[in-house]
Amino acid sequence: ALGPELGSPLVFPSYSQTKIDAPTTPLLALYRGPLAALGAQYAIDGDDLEFTSFGYAFDPGSWFLRGEVTRITGEDNLLAKNTNAYLSGGIRTGAFTPYMTLAQVHLDSDTSIGARDPIGVINAGLSTTNADQKSITVGTRWDFHENLALKAEYAHVDVPAGSTGGLVNRQPGFVTGQDYDLLSISLDFVF
């Protein structure tokens, strides 16, 4: 992986490549005869996965600005390829740091191969990879004691039709393409 940090303000590029195996072969074994090549193409069996990112951060002390764009690419298989980006900024006023973050996840790969998949296993797998979403988050951090901070934030996540919005523990009755709101309160310990 390449990831130098160049000066101040901080710039952090990164690149990594890995080979990945996943237990897709038993499901794709249904693709026999003239469909065997299609099943082999979408199997995750020693495939290359590439991760590229470029980030920027500026923090003079009383305020900060930070952003990053990442891209996941690789071979055509059942893994999602996507581009993610965020931009976050805030100000520090005494013990409080209010901030805002804008973020987006964009799927760069197909969610279906249509009629090329008469069995349906590949289309079913690809349909679960759509995590497109845009979000806006506002929050504040309160450093109320040495090495202790209380953080509260509210996020609104805009989820387009057909997307799961990044939610992974989907329950029966889950409907794709529905916006959601998230309120969180956390206590951070610094050691």
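**A quick tour of the chain**

Let's start with one pair of residues: Asn-84 has Val-105, in S5, as its bridge partner. That pair belongs to an antiparallel match between S4 and strand S5 (residues 96-107), which runs over nine bridges. Keep in mind that you're looking at a predicted model. Here's the rest, by topic.

**Strands and the hairpin**
- S4 covers residues 82-91, and it also pairs with strand S3 (residues 63-74), in the antiparallel sense and over 10 bridges.
- Across from Tyr-86 in S4 you'll find Glu-68.
- S4 and S5 form a hairpin with four residues between the strands, and in this hairpin Gly-94 has a positive phi near 65°.
- As a rule, side chains in a regular strand alternate between the two faces of the sheet.

**Overall layout**
- The chain has three helices and eight strands.
- Reading from the N terminus, the order is β-α-α-β-β-β-β-α-β-β-β.
- The chain is more spread out than a compact globule, because its radius of gyration is 21 Å, well over the 16 Å that the globule rule gives for 191 residues.
- Along the principal axes, the C-alpha trace spans about 70 × 40 × 25 Å.

**Inside, outside and contacts**
- Out of 191 residues, 25% count as buried.
- The accessible surface is about 11,600 Å², and 61% of that belongs to carbon and sulfur atoms.
- Take the contacts between residues at least 6 apart in sequence: 57% of them join residues at least 24 apart.

**Charges**
- There are 21 negative and 11 positive side chains, and the centres of these two sets are 1 Å apart.

Conventions. Residues are numbered from 1 along each chain as its sequence is written. This is a predicted model: local features need pLDDT of at least 70, side-chain atom pairs count only at pLDDT 80 or more; totals for chains, interfaces and linings use all residues. Side-chain values use heavy atoms; hydrogens and water are left out. Helices (H or I, at least four residues) and strands (E, at least two) are DSSP runs, numbered from the N terminus. The radius of gyration is taken over C-alpha atoms; the globule rule is 2.2 Å times the number of residues to the power 0.38. Buried means under 20% relative accessible area, exposed over 50%, partly exposed in between (1.4 Å probe, protein chains only). Contact means heavy atoms within 4.5 Å. Accessible areas come from the Shrake-Rupley method with a 1.4 Å probe; for residues, only the protein chains shown count as cover. Lys and Arg count as positive and Asp and Glu as negative; His and the chain ends are not counted. The place of a charge is taken as NZ of Lys, CZ of Arg, CG of Asp or CD of Glu. Two strands pair if DSSP finds at least two bridges between them.
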